[in-house]
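Welcome! Please take a moment to look over the sequence and the model below, and then we can walk through them together.

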Amino acid sequence: MSIIDWQDEQFLLGVDIMDDTHREFIELVNRLNQASDAEFPALFDTFIEHTRAHFEMEEKLMQDTGFTSYAEHREDHQRVLGELNQFRKRVQKGLLAFGRNYIRERMPSWFPLHASTMDSALAMHLKNLPPDRRQALG
């Protein structure tokens, strides 16, 4: 069962690197929701590392292009990573319910809001760059 369903009209931002990463993020959230107790700890670590790399990529795009809302966007990333790392400690101690509840209760509300506000603003900024600057970003 999915707890976040990819919907183009809701999540597609028109920046391939962001869209691809967001699809992977949602896929991991949904896999975590269905993971067995044996699978959950390693998959939770994979999710945290994916999220860290995802956020680093977005922050690099913001820095490289002079995105004006960088500090606010980065602060939201740091808060989520901090939460994830706190839950990682509990999961590593075998307290899987804490990690499962975080994924099930927090991600379905946080991700759509973050994507539709902060990530949407970043995508618009990137799409408004001159073509030569957009190409340089990959």
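What follows is a short tour of the helices, the aromatic rings and a few individual residues. Keep in mind that this is a predicted model.

Let us begin with helix 2, which covers residues 16–34. At 1.5 Å a residue, its 19 residues should span 27 Å, and the end C-alpha atoms are indeed 27 Å apart, so the two values agree. Many residues here are worth finding on your screen: Met18, Asp19, Thr21, His22, Phe25 and Ile26 are among the buried residues of helix 2. What lies over them? The cover for the buried residues of helix 2 includes helix 1, helix 3 and helix 5.

One residue of helix 2 deserves a closer look. His22 has a relative accessible area of 0%, so it counts as buried. Leaving aside neighbours within four places in sequence, His22 is in contact with Trp6, Leu13, His54, Glu58, Phe111 and Asp119.

Helix 3 comes next, running over residues 40–65. With 26 residues at 1.5 Å each, helix 3 should span 38 Å, and its end C-alpha atoms are 37 Å apart, which agrees. After helix 3 comes Gly66, a residue with a positive phi, near 70 degrees.

Helix 5, at residues 96–127, tells another story. Its 32 residues would reach 46 Å as a straight helix at 1.5 Å a residue, but the end C-alpha atoms are only 41 Å apart. Where does helix 5 bend? There is a bend of about 45 degrees at Met107, and a proline, Pro108, follows within four residues.

Helix 5 also holds Gly99. Is Gly99 buried or exposed? Its relative accessible area is 0%, and since buried means under 20%, Gly99 is buried. Beyond the residues up to four places away in sequence, Gly99 touches Phe40, Phe44, Phe87 and Val91. For a sense of distance, try finding Leu13: Gly99 and Leu13 are 86 residues apart in sequence and 29 Å apart in space, C-alpha to C-alpha.

Now for the aromatic rings. How many aromatic pairs are there? The count comes to 9 aromatic pairs. One of them joins Phe11 and Phe111: the ring centres are 5.3 Å apart and the planes meet at 40 degrees, so this pair is tilted. It links distant parts of the chain, with Phe11 in helix 1 and Phe111 in helix 5, 100 residues apart. Phe11 is buried, with a relative accessible area of 2%, and Phe111 is buried too, with a value of 0%. Stepping back, ring pairs link Trp6, Phe11, Phe25, Phe47, Phe55, Trp110 and Phe111 into a cluster.

Two arginines round off the tour. Arg88 is found in helix 4, which covers residues 70–92. With a relative accessible area of 17%, Arg88 falls under the 20% limit and is therefore buried. Its side chain makes a polar contact of 3.0 Å with the side chain of Asp45. Not counting residues up to four places away in sequence, Arg88 touches Phe44, Asp45, Ile48 and Glu49.

Finally, look for Arg90 and the rings beside its charged end. That charged end sits over the ring of Phe87, 5.4 Å from its centre. The charged end of Arg90 also sits over the ring of Phe98, where the distance to the ring centre is 4.8 Å.

Conventions. Residues are numbered from 1 along each chain as its sequence is written. This is a predicted model: local features need pLDDT of at least 70, side-chain atom pairs count only at pLDDT 80 or more; totals for chains, interfaces and linings use all residues. Side-chain values use heavy atoms; hydrogens and water are left out. The expected span of a helix is 1.5 Å times one less than its number of residues. Rings of Phe, Tyr and Trp (its six-membered ring) pair if their centres lie within 6.5 Å; planes under 30 degrees apart count as stacked, over 60 as edge-to-face and the rest as tilted. Buried means under 20% relative accessible area, exposed over 50%, partly exposed in between (1.4 Å probe, protein chains only). A charge sits over a ring if NZ of Lys or CZ of Arg is within 6 Å of the ring centre and within 35 degrees of the ring normal. A polar contact is a pair of N or O atoms within 3.5 Å; within protein, one must be able to donate a hydrogen and the other to accept it, and residues adjacent in sequence count only if both atoms are side-chain atoms. Contact means heavy atoms within 4.5 Å. The bend at a residue is the angle between axes fitted to the seven residues ending there and the seven starting there.
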